[in-house]
Amino acid sequence: MNKLRIILADDHPVVRAGLRLLLESSAGAEVVAEAGSPGALFQALGQAEADLLLTDFIMPGGDGADGLAMLSRLRAHWPQLPVVVLTMANNGNVLQAILGTGVRGLLDKSDALSELTVAISAVANGRRYVGAGVRAALDAHLRSDAGTTPLSRRETEVLRLFASGMTVSEIARHLNRSVKTISHQKVGAMNKLGLHNDLEIYAYARENGLIP
C-alpha cells in the first residue's frame, strides 16, 4: 500500500519536526517536502508530488503572510489538493473565512495530537474534518451573535489586516478594493464595536483572536 504523501508547512522548525514524526509514525504517511514560509511552500508545491497539504494558517514572508490570501492562492493554483489547516485563530468570522476558502480540514493548535491523525485520515479519504476546538469556537460565535449586530466578514478581514500592521492603503491594494471602501468598512466596524481609536482596534483584535 502506497504511503500518503504530505507537504508540511510551518514557520517553526521544532513544530515541523514534531509533526513529521507524528505523521510518519502514526498516520502511515511520508512527508515529501517541508516549508517554513508561504514562498517556500509554493516552491515545494511546484516541485514535489503530494496527496495532501498540512499547513499553518499564518507564516511570515511576503504577501502570503496573510493566511487567507495564501489559502486563496493555493485553491486557485492547486484546486484538487486537499488542505488541512492548523491555526491559533479563535474568532468565528476568521474560522468561517478559512473554511470558505475550500480547505478540507481545520484544527486548532490546542487540539489533541491524536485528533490530527484522525483529521488526516478523514481528509485523505475524501471527507471534511473540523476539530473540536474549532467547532467550540464556531458554536460560541453563533451564540454570541444572537440578538447582536455582528461584523461582516469583510469588516472582520479589514480589522484583522489593520491590526496585523497594514495601513488602509495597503489593505486596499492587497484586497483590490478602493481606499474609500476599506476606510468605510473600518469605520463601520469600529462603530458597531464601540471602538474609538487604533489602540482599541489592536486590543479588540488580540482579545478576539484576530491576531496571535
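Domain bounds come from an automatic or database domain assignment. The structure treated here is a predicted model.

**Exercise 1. Determine how the chain is divided, and describe the interface between domain 1 and domain 2.**

Solution.
Step 1. The protein chain is divided into domain 1, covering 2–142, and domain 2, covering 151–206. Their C-alpha centres lie 26 Å apart.
Step 2. In terms of contacts, nine residues of domain 1 meet eight residues of domain 2.
Step 3. The size of an interface is often given as the accessible area lost when the parts come together. Domain 1 and domain 2 bury about 690 Å² between them, with 50% of it on carbon and sulfur atoms.
Step 4. Zero salt bridges are counted between the two domains, while two residue pairs are in polar contact across the interface.
Step 5. On the side of domain 1 that touches domain 2, α3 (67–77) and α4 (92–100) each supply at least two residues. The largest share of that side, four residues, comes from α4.

**Exercise 2. Establish whether aspartate 56 is buried or exposed, and list its contacts beyond four places in sequence.**

Solution.
Step 1. Aspartate 56 is located in strand β3 (residues 52–56).
Step 2. Its relative accessible area is 5%. Buried means under 20%, so aspartate 56 is classed as buried.
Step 3. With neighbours within four places left aside, aspartate 56 is in contact with Ala9, Asp10, Asp11, Met70, Leu86 and Lys109.
Step 4. An unreviewed UniProt entry lists Asp56 under "modified residue: 4-aspartylphosphate".

**Exercise 3. Characterise the salt bridges formed by aspartate 51, arginine 16 and glutamate 157.**

Solution.
Step 1. The whole structure contains 10 salt bridges.
Step 2. Aspartate 51 pairs with arginine 5, their closest N and O atoms being 2.9 Å apart. Because aspartate 51 lies in the loop between α2 (38–47) and β3, and arginine 5 in strand β1 (residues 4–9), the pair ties together parts that are 46 residues apart in sequence. Aspartate 51 is partly exposed at 28% relative accessible area, and arginine 5 is partly exposed at 27%.
Step 3. Arginine 16 and glutamate 34 meet at 3.0 Å, N to O. This pair joins helix α1 (residues 13–26) to strand β2 (residues 29–35), 18 residues apart. Arginine 16 is buried at 14%, whereas glutamate 34 is partly exposed at 32%. Both belong to a salt-bridge network with Arg20 and Glu24.
Step 4. Glutamate 157 and arginine 177 have their closest N and O atoms 2.8 Å apart, and both residues are buried.

Key:
Residues are numbered from 1 along each chain as its sequence is written. This is a predicted model: local features need pLDDT of at least 70, side-chain atom pairs count only at pLDDT 80 or more; totals for chains, interfaces and linings use all residues. Side-chain values use heavy atoms; hydrogens and water are left out. UniProt positions are given in the numbering used here, feature names are shortened, and annotations may be inferred rather than shown by experiment. Buried means under 20% relative accessible area, exposed over 50%, partly exposed in between (1.4 Å probe, protein chains only). Contact means heavy atoms within 4.5 Å. Buried area is the accessible area (1.4 Å probe) that two parts lose on being put together, summed over both. A salt bridge is a side-chain nitrogen of Lys or Arg within 4 Å of a carboxyl oxygen of Asp or Glu. A polar contact is a pair of N or O atoms within 3.5 Å; within protein, one must be able to donate a hydrogen and the other to accept it, and residues adjacent in sequence count only if both atoms are side-chain atoms.
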